Each structure stands twice: as C-alpha cells, then as structure tokens.
Amino acid sequence: MDLSLWQSESQSTRLGSGSVWLHGNALAEESVLLAGIADALAHAPLRQMVTPGGQPMSVLTSSCGALGWISDRRGYRYSERDPHTNQPWPPMPAVLLQLATQAAAQAGYADFVPDACLINQYQPGARMGLHQDRDEQDFNQPIVSVSLGLPAVFLWGGARRSDKAMRVPLQHGDVLVWGGEDRLRYHGVLPVKPGSHPLLGNVRINLTLRKAA
Ligand SMILES: O=C(O)CCC(=O)C(=O)O
C-alpha cells in the first residue's frame, strides 16, 4: 500500500483499530516546540546509550518529564533522575504536553497525561530496530510520537516481530498515536536518509510521549 498517496488527501490516516497518523499536527506550534526541546536538551544533553547487550544505540537520546527512559547494561527502565547529571529530568514543555493530550484525544484517547518524553535524535544512517514498548506500567495508556526535521520511514508491524511491517513515510510535524489493540505492535524506523531540513538541518528528532508510571 502506498501510504504517501493518502497523505495529501487527508489530515489523518487510520493505521489500525487503535492507531492514527495525524499529518502535520505539530506544525502550528513548531517554533515554540523546538525552543522547549532545545531548553530541555541544554539541561539533559543528548547521549549515546547502550543496549543491555552492550551495543551502542544509533540514535542519541535524552528525556524530559517526571520520568526518563534509559538503557544500559542493567536493562531498559524509567528513572526519575538523569544518570549523567544525577538531577531530575527537565520538565516537559507545556506546549508538548498540550500537543500530546490533544493528539491523543483526537485519536480517541481522552485524558492522556504523559509523564515521560523520550527525545531521540537521528543523524543520517541512524535507525531503530523493530521493538515493542513494554517498559510502562499500564498498557491501556496510548503512545504519542512527534516527528520533526528530516523525513523518515516508520515501520508499523504487527503483534509478532516477524509480521510484515507497513511503511509509513513520516514528515516534519507528523504525529502518530497508538493504543488499544495496537499498543503492543512492533515498530521501528529505517535508516534516516541524508538531507537538510530548513529548521533542523541534517537531523530528525522524534519525541515519544508515554505514561510510564
Ligand atoms: O523515532 C520514531 O519515530 C520511533 C521511536 C520509537 O519507536 C521509540 O522511541 O520507541
């Protein structure tokens, strides 16, 4: 299925019974959003984490909000403190919280209040392998994912890693929301292609908002 054809014709595309692709949903607030993220990163800088198996991740990561997702030799988990600074993570920018709550409501998930925002920065070539998000306490809570900067192909898989994945061509400002029956679907990102974005240059930023605790 060529999902890029649908993009110009609709403001949202349903990807599954519990998942919606909201085209350009973050564009209206892009400058204040980027300023908020830059501020958060000034307090909790991007870093390269390693998987529990010791492999460096290809994305650089940080977090904002009450909880931050971390990965190291001890495993994947949420932490109240940034292990690099031993300080609490910077607060989630109000504009981001509002965007996530509104996007979730638009997708049918009322009252979503995330307590964790993972910030992933992809340089050209960086990717994310197929995985499920399983480190949160309540799988009834949806996930909201905001794409900024360079485009990327998001892989939207099934309940099993081996299920064929749909290719979703995400653009700057797009927002994905998934929950319900789709909450544990495998997903990932193909290697980001080189390019230049007018606001972000040669990187893609992804913000993944979750209710972790
Ligand atoms: O970068 C993306 O679009 C997806 C990020 C993701 O899957 C994750 O952080 O778990």
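How many helices and strands does the protein chain have? The protein chain has 3 helices and 15 strands. The model is predicted, and the legends below introduce the chain as a whole before turning to single residues.

**Figure 1. Overall view of the protein chain in the predicted model.** The C-alpha trace spans about 45 × 35 × 35 Å along its principal axes. A compact globule of 213 residues would have a radius of gyration near 17 Å, and the 16 Å of the protein chain agrees with this. Of the 213 residues, 51% count as buried. Among contacts between residues at least 6 apart in sequence, 72% join residues at least 24 apart.

**Figure 2. Surface and charged side chains of the protein chain.** The protein chain exposes about 10,100 Å², and carbon and sulfur atoms supply 51% of that area. There are 18 positive and 18 negative side chains. The centres of these two sets lie 9 Å apart.

**Figure 3. Close-up of Arg210 in strand β15.** The strand comprises residues 204-210. Is Arg210 buried or exposed? Arg210 counts as buried because its relative accessibility is 7%, which is under the 20% limit for a buried residue. The side chain of Arg210 makes a polar contact with the side chain of Asp133, at 2.9 Å. Pro114 stands 96 residues from Arg210 along the chain, yet the C-alpha atoms of the two are separated by 4.9 Å. Beyond its neighbours within four places in sequence, Arg210 is in contact with several residues, including Tyr78, Phe112, Ala116, Leu118, Glu136 and Ile143. Pro114 and Asp133 also belong to this set of contacts.

**Figure 4. Close-up of Asn120 in strand β8.** Strand β8 covers residues 116-122. Asn120 has a relative accessible area of 2% and is therefore buried. Which residues are in contact with Asn120, leaving aside its neighbours within four places in sequence? They are Val59, Leu60, Thr61, Met128, Arg204, Ile205, Asn206 and Thr208. Of these contacts, Arg204, Ile205, Asn206 and Thr208 fall within the range of strand β15, residues 204-210.

**Figure 5. Close-up of Ala66 in the loop between β3 and β4.** The flanking strands are β3 (60-64) and β4 (68-72). Ala66 counts as exposed because its relative accessibility is 53%, where exposed means over 50%. Ala66 and Trp89 are 23 residues apart in sequence, and their C-alpha atoms are 6.5 Å apart in space. Trp89 is also one of the residues in contact with Ala66 once neighbours within four places in sequence are left aside. The others are Ser79, Glu80 and Asp115. Asp115 likewise appears among the contacts of Arg210.

**Figure 6. Close-up of Asn86 and Asp111, two loop residues with positive phi.** Asn86 lies in the loop between β6 (81-82) and β7 (87-88). Although Asn86 is not a glycine, its phi is positive, at about 60°. Where is Asp111 found? Asp111 is in the loop between α3 (94-106) and β8. Its phi is near 65°, again a positive value in a residue other than glycine. With a relative accessibility of 68%, Asp111 counts as exposed.

Methods
Residues are numbered from 1 along each chain as its sequence is written. This is a predicted model: local features need pLDDT of at least 70, side-chain atom pairs count only at pLDDT 80 or more; totals for chains, interfaces and linings use all residues. Side-chain values use heavy atoms; hydrogens and water are left out. Helices (H or I, at least four residues) and strands (E, at least two) are DSSP runs, numbered from the N terminus. The radius of gyration is taken over C-alpha atoms; the globule rule is 2.2 Å times the number of residues to the power 0.38. Buried means under 20% relative accessible area, exposed over 50%, partly exposed in between (1.4 Å probe, protein chains only). Contact means heavy atoms within 4.5 Å. Accessible areas come from the Shrake-Rupley method with a 1.4 Å probe; for residues, only the protein chains shown count as cover. Lys and Arg count as positive and Asp and Glu as negative; His and the chain ends are not counted. The place of a charge is taken as NZ of Lys, CZ of Arg, CG of Asp or CD of Glu. A polar contact is a pair of N or O atoms within 3.5 Å; within protein, one must be able to donate a hydrogen and the other to accept it, and residues adjacent in sequence count only if both atoms are side-chain atoms.
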